[in-house]
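The exercises below ask the reader to work through a two-part picture of one chain, with a solution given step by step after each task. Please try each task on the structure before reading its solution.

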Amino acid sequence: MTKLKIGIVGAGYIGGVHARILARDERVVIAAVHDVAPEPARRLADMCGARIAHSAQEVIESCDAVYIATPNTKHAELAIAAVQAGKHVFCEKPMATSLTEAQAVVEAAGKSDAVFQVGHNRRFAPVYTALKRLLTESHQPHSAHVKMNRGELLHPEWVGDSKITGGFLYETTIHMFDMMRFLFGEVTMLQALGSSHEYPETDDFSILLQFAGGMHATFASSADASWLFPYERVEVFCHHSTITTREMESLVYNQALDGRNIEQSMHQLAKEEKWGYLQEDQSFVDSITRGLPPAVTAEDGYKSVELVESCYRSISTSEAVKF
Ligand SMILES: NC(=O)c1ccc[n+]([C@@H]2O[C@H](COP(=O)([O-])OP(=O)(O)OC[C@H]3O[C@@H](n4cnc5c(N)ncnc54)[C@H](O)[C@@H]3O)[C@@H](O)[C@H]2O)c1
């Protein structure tokens, strides 16, 4: 069997996470690695037995599939270059940092027969697949309260620079916009409030959302909230029942008013599985090798960008945004 040649552009933290997972997949070989900094490129290339490529273009030309794991504002340009070269693309979140760019990626991906997947890993995390199953099979949601905080915007260095992230909502919070669509359906209206405290950009957000099925939710996201656990939490309120997640660690719910709670714990899973990275990489390779549609599409990537942009717009106009 000919192995799928995978290239990685951006050899930092998340490039390393994907490379370690892919290196164990017998269907693929990591053929090339590129990073603008020589040291991370050399370290990752040594770790997975890959060649160091001197440009992203060299990776694109020499591989069948490309992982884009650079900081945010480079994603769209690299994704479009790879997709236009007919390559399969795994693009880390955010897929783009403006609606215009996101639209250009959707159009380029739409013209290609190759697989295009966006790295919204939470969809694959066992906590969230279990929550989704409960909402589909037994618990009708009425409303929800969601939070996604960060401790700081200091590590890695570039996360405090909105010219590189596109803004805090693009860097961290975007995960939960995708997650809310995955769990609750399409957003029909949102209104956001924001303020700035620690960093020279809006770093605290309170958002009110309405969904097509009639459900509504509040969503809080702070960039400087400390790493007090859990920094990510979803509480869903159903008929005489609440379902609560604690980061990617556990899910607790009740089924009736008898005071008994059921806990599903994911504590003992390895992080790469607990956070859904293993499953999203397997799913990407499955899509390529078995001709399956990608689990998180360019359209999904666009919708998350649209929700981020709408929050910033709602804050600047003090008005709700309707979809
Ligand atoms: N899905 C997730 O849970 C998750 C987790 C972490 C990071 N991310 C995303 O992955 C991306 C990378 O984040 P990270 O934490 O790995 O950052 P990082 O700083 O650890 O790594 C980024 C690497 O990209 C390199 N780089 C910068 N510009 C480049 C360019 N033009 N071409 C090639 N290489 C370039 C840097 O030298 C660095 O080694 C970000 O977009 C981030 O939002 C996603």
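**Exercise 1. The two domains and their interface**

Task: In this predicted model, determine how far apart the C-alpha centres of domain 1 and domain 2 lie, and describe what the two domains bury between them.

Solution. Step 1: The C-alpha centres of domain 1 and domain 2 are 26 Å apart, where domain 1 comprises 4-119 + 277-297 and domain 2 comprises 123-269 + 305-322.

Step 2: Counting contacts, 17 residues of domain 1 touch 15 residues of domain 2. The area buried between domain 1 and domain 2 is about 1300 Å², and carbon and sulfur atoms give 66% of it.

Step 3: On the side of domain 1, Asn 72, Lys 93 and Leu 99 supply 34% of the area buried against domain 2, which is more than any other three residues supply.

**Exercise 2. Polar links and the composition of one side**

Task: Find which residues form the salt bridge across the interface, and state which elements give two or more residues to the side of domain 1 that touches domain 2.

Solution. Step 1: The rule finds one salt bridge across the interface of domain 1 and domain 2. A salt bridge joins Lys 93 and Glu 171, whose closest N and O atoms are 3.7 Å apart, and this distance passes the cut-off of 4 Å.

Step 2: Six residue pairs are in polar contact between domain 1 and domain 2, with both residues at pLDDT 80 or more. The elements of domain 1 that give two or more residues to the side touching domain 2 are helix 5 (99-110), strand 6 (116-119) and helix 10 (277-290), and helix 10 gives the largest share, three residues.

Step 3: Sorted by class, the side of domain 1 that touches domain 2 has seven nonpolar, eight polar and two charged residues.

**Exercise 3. A glutamine in helix 10**

Task: Decide whether Gln 279 counts as buried or exposed, and list the backbone oxygens that its side chain reaches.

Solution. Step 1: Gln 279 lies in helix 10, and because its relative accessibility is 18%, Gln 279 counts as buried.

Step 2: The side chain of Gln 279 reaches the backbone oxygen of Phe 124 at 3.4 Å, while a polar atom of that side chain lies 3.0 Å from the backbone oxygen of Glu 273.

Step 3: Leaving aside residues up to four places away in sequence, Gln 279 touches Phe 124, Pro 126, Glu 272 and Glu 273.

**Exercise 4. Salt bridges between parts separated in sequence**

Task: Among the 17 salt bridges of the structure, examine those of Arg 27, Glu 232 and Arg 123, and explain why each ties together separated parts of the sequence.

Solution. Step 1: Arg 27 and Asp 286 meet through their side chains in a salt bridge of 2.6 Å, N to O. Since Arg 27 lies in the loop between helix 1 (13-22) and strand 2 (28-34) and Asp 286 in helix 10, the pair ties together parts that are 259 residues apart in sequence. Arg 27 is partly exposed, at a relative accessible area of 21%.

Step 2: The salt bridge between Glu 232 and Arg 122 has an N to O distance of 2.8 Å. Glu 232 belongs to strand 11 (residues 232-238) and Arg 122 to the loop between strand 6 and helix 6 (126-137), so this pair ties together parts 110 residues apart in sequence. Glu 232 is buried with a relative accessible area of 0%, and Arg 122 counts as buried at 4% relative accessibility.

Step 3: Arg 123 and Asp 178 likewise meet in a salt bridge (2.8 Å, N to O). With Arg 123 in the loop between strand 6 and helix 6 and Asp 178 in helix 8 (residues 168-184), the pair ties together parts that are 55 residues apart in sequence. Both Arg 123 and Asp 178 are buried, and salt bridges that share partners join them with Arg 181, Glu 186 and Asp 300 into one network.

**Exercise 5. Backbone features in loops**

Task: Locate the cis peptide bonds that precede Pro 94 and Pro 156, and place Ser 226 and Glu 247, each with a positive phi.

Solution. Step 1: The peptide bond from Lys 93 to Pro 94 is cis, with omega near -10 degrees, and Pro 94 is in the loop between strand 5 (88-92) and helix 5. The peptide bond from His 155 to Pro 156 is cis, with omega near -15 degrees, and Pro 156 lies in the loop between strand 7 (141-148) and helix 7 (162-165).

Step 2: Ser 226 has phi near 75 degrees and lies in the loop between strand 10 (216-222) and strand 11, where Ser 226 counts as partly exposed at 38% relative accessibility. Glu 247 has a phi of about 45 degrees and lies in the loop between strand 12 (241-246) and strand 13 (250-253), and Glu 247 counts as buried at 5% relative accessibility.

Technical notes. Residues numbered from 1 in each chain as written. Predicted model: local features only at pLDDT ≥ 70, side-chain atom pairs only at ≥ 80, totals over all residues. Heavy atoms only, no water. Domains from an automatic or database assignment. Contact = heavy atoms within 4.5 Å. Buried area = accessible area lost by both parts, 1.4 Å probe. Polar contact = N/O pair within 3.5 Å; in protein donor to acceptor, adjacent residues only side chain to side chain. Helix = DSSP H or I, 4+ residues; strand = E, 2+ residues; numbered from the N terminus. Nonpolar A, V, L, I, M, F, W, Y, C, P; charged D, E, K, R; others polar. Buried < 20%, exposed > 50% of the residue type's maximum accessible area, 1.4 Å probe, protein only.
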